[in-house]
Amino acid sequence: MKILVAVDDNPYSSHAVGEVSKLAANTWANVILLGVQPKSGNKKRLNEADGPSPRALLELRESFLSNFDENACPYSLAGTDQELTEVKKGVYEIVPPNDPPKKKLKVRLRTGNPGKEILSEAREEECDLIVLGCDHLNGCGWESGAGVPRKVANDAPCSVLVVKEKNRVERIMCCLDHDRVSQPSLEMINQMVTLYNAKLTIVGLSEGLHLKAEVENKMDALLRFYHDRGIDPWIELVEIASLDSFITKASRWGLMALWMGRESILEKALPRRKVNKLIKGGDASVLILR
């Protein structure tokens with residue numbers, strides 16, 4: 001598993017890094033810690049430019065590593081005296097040690113438009129999950145661009161977790177396209193339930209009474225999948241026409257997980273503007289599964 005954590009200089013990014021460290025402890029994922037500085041016509045030094053400084057990125061790296069036992073940490077524990085080196089035009093990185101660790105923790109800084117650079121990094125590195133925090137009191141914005149979390153969630157080639165800093169996750173609502181949901185997405189939900197020690201509700205979508213029995217059978221298969229992993233989810237069947245009103249009752253959920261893979265029925269039931277509304281206006285963190 002490869003996780004990309006996109007950060008800026010705000011406290012919500014530090015919170016997101018903390019959440020990823022817990023997830024990485026369970027999965028031993030390879031992790032990329034990415035900051036983006038806007039391009040500057042006057043060629044400011046990295047430490048003087050807008051956006052996260054190299055020092056801030058290294059401090060976030062140390063915060064990530066602090067959640068691991070030194071004797072069992074799968075990542076390199078090199079100190080904050082390391083420097084970012086330009087590895088290609090507009091991309092800076094800490095050069096990895098000669099003795100590679102079991103798992104990779106890359107610290108990388110790119111220059112350009114934050115949304116575009118985050119998406120480019122995810123594609124080039126073939127990431128499985130992008131995680132980013134946001135200012136939930138200001139429309140889930142970012143310092144360098146209010147729409148960054150929404151753009152990433154909508155356009156990413158992989159799953160995206162938008163973390164709301166002040167939100168406590170006690171219940172997870174997972175809305176799945178039962179015909180097409182992928183095995184990695186089911187496993188991702190398993191990891192989220194474990195991470196937050198949360199209760200899980202799985203929502204099955206039906207369209208008319210003639211499909212209800214078929215959907216119930218498929219929900220039984222999902223129920224067995226999670227029972228085998230020690231999770232006892234609650235199952236709810238919702239008519240597609242009522243899905244929007246069901247989901248917008250976000251106060252019930254700490255985390256909403258939506259399967260939005262190719263040809264998913266949710267792509268039609270929840271178009272981009274509605275997903276944006278959930279990210280921007282709700283209190284719940286949002287996980288887009290692909």
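**Salt bridges, aromatic pairs and strand contacts in a predicted model**

The side chains of E124 and K88 meet in a salt bridge, with 3.3 Å from N to O; a salt bridge is defined here as a side-chain nitrogen of Lys or Arg within 4 Å of a carboxyl oxygen of Asp or Glu. This pair links distant parts of the chain, since E124 belongs to helix α3 (residues 114-125) and K88 to strand β3 (residues 84-88), 36 residues apart. Helices (H or I, at least four residues) and strands (E, at least two) are DSSP runs, numbered from the N terminus. The model is predicted, and local features need pLDDT of at least 70, side-chain atom pairs count only at pLDDT 80 or more, and totals for chains, interfaces and linings use all residues. Residues are numbered from 1 along each chain as its sequence is written, and side-chain values use heavy atoms, with hydrogens and water left out.

Both partners of this salt bridge are partly exposed: E124 has a relative accessible area of 46%, and K88 has a relative accessibility of 42%. In this classification, buried means under 20% relative accessible area, exposed means over 50%, and partly exposed lies in between (1.4 Å probe, protein chains only). Helix α3 also contributes E125, whose side chain meets that of R108 in a salt bridge of 3.0 Å, N to O. Because R108 lies in strand β5 (residues 105-111) and E125 in helix α3, this pair ties together parts that are 17 residues apart in sequence. R108 counts as buried at 8% relative accessibility, and E125 is likewise buried, with a relative accessible area of 16%. Salt bridges that share partners join K2, K88, E93, K106, R108, R110, E117, E121, E124 and E125 into one network.

In total, the structure holds 14 salt bridges. Side chains of opposite charge can pair when their charged atoms come close. A further example is the salt bridge between K22 and E19, in which the closest N and O atoms are 3.2 Å apart. Both residues lie in helix α1 (residues 11-27), three residues apart, about one turn of the helix. K22 is partly exposed at 43% relative accessibility, whereas E19 is buried at 8% relative accessible area.

A search of the whole structure finds four aromatic pairs. The rings of F64 and F68 have centres 5.4 Å apart and planes at 40 degrees, so this pair is tilted. Rings of Phe, Tyr and Trp (its six-membered ring) pair if their centres lie within 6.5 Å; planes under 30 degrees apart count as stacked, over 60 as edge-to-face and the rest as tilted. F64 counts as buried at 3% relative accessibility, and F68 is buried with a relative accessible area of 13%. F68 also forms an edge-to-face pair with Y75, at 5.4 Å centre to centre and 80 degrees between the planes. Y75 is buried, as is F68. Ring pairs thus link F64, F68 and Y75 into a cluster. Elsewhere, R229 lies over the face of F225, at 3.7 Å from the ring centre; a charge sits over a ring if NZ of Lys or CZ of Arg is within 6 Å of the ring centre and within 35 degrees of the ring normal.

S159 is placed in strand β7 (residues 159-164) and is buried, with a relative accessible area of 3%. A polar atom of the S159 side chain lies 3.0 Å from the backbone nitrogen of R290. Contact means heavy atoms within 4.5 Å. Not counting residues up to four places away in sequence, S159 touches D128, L129, I130, M188, I288, L289 and R290.

Strand β1 (residues 2-7) is mostly covered, with five of its six residues buried. β1 pairs with strand β2 (residues 30-37) in the parallel sense over six bridges, where two strands pair if DSSP finds at least two bridges between them. Within this pairing, L34 in β2 is the bridge partner of A6.

Overall, the chain has nine helices and 12 strands. Buried residues make up 54% of its 290 residues. Among contacts between residues at least 6 apart in sequence, 72% join residues at least 24 apart.

Terms used. Polar contact = N/O pair within 3.5 Å; in protein donor to acceptor, adjacent residues only side chain to side chain.
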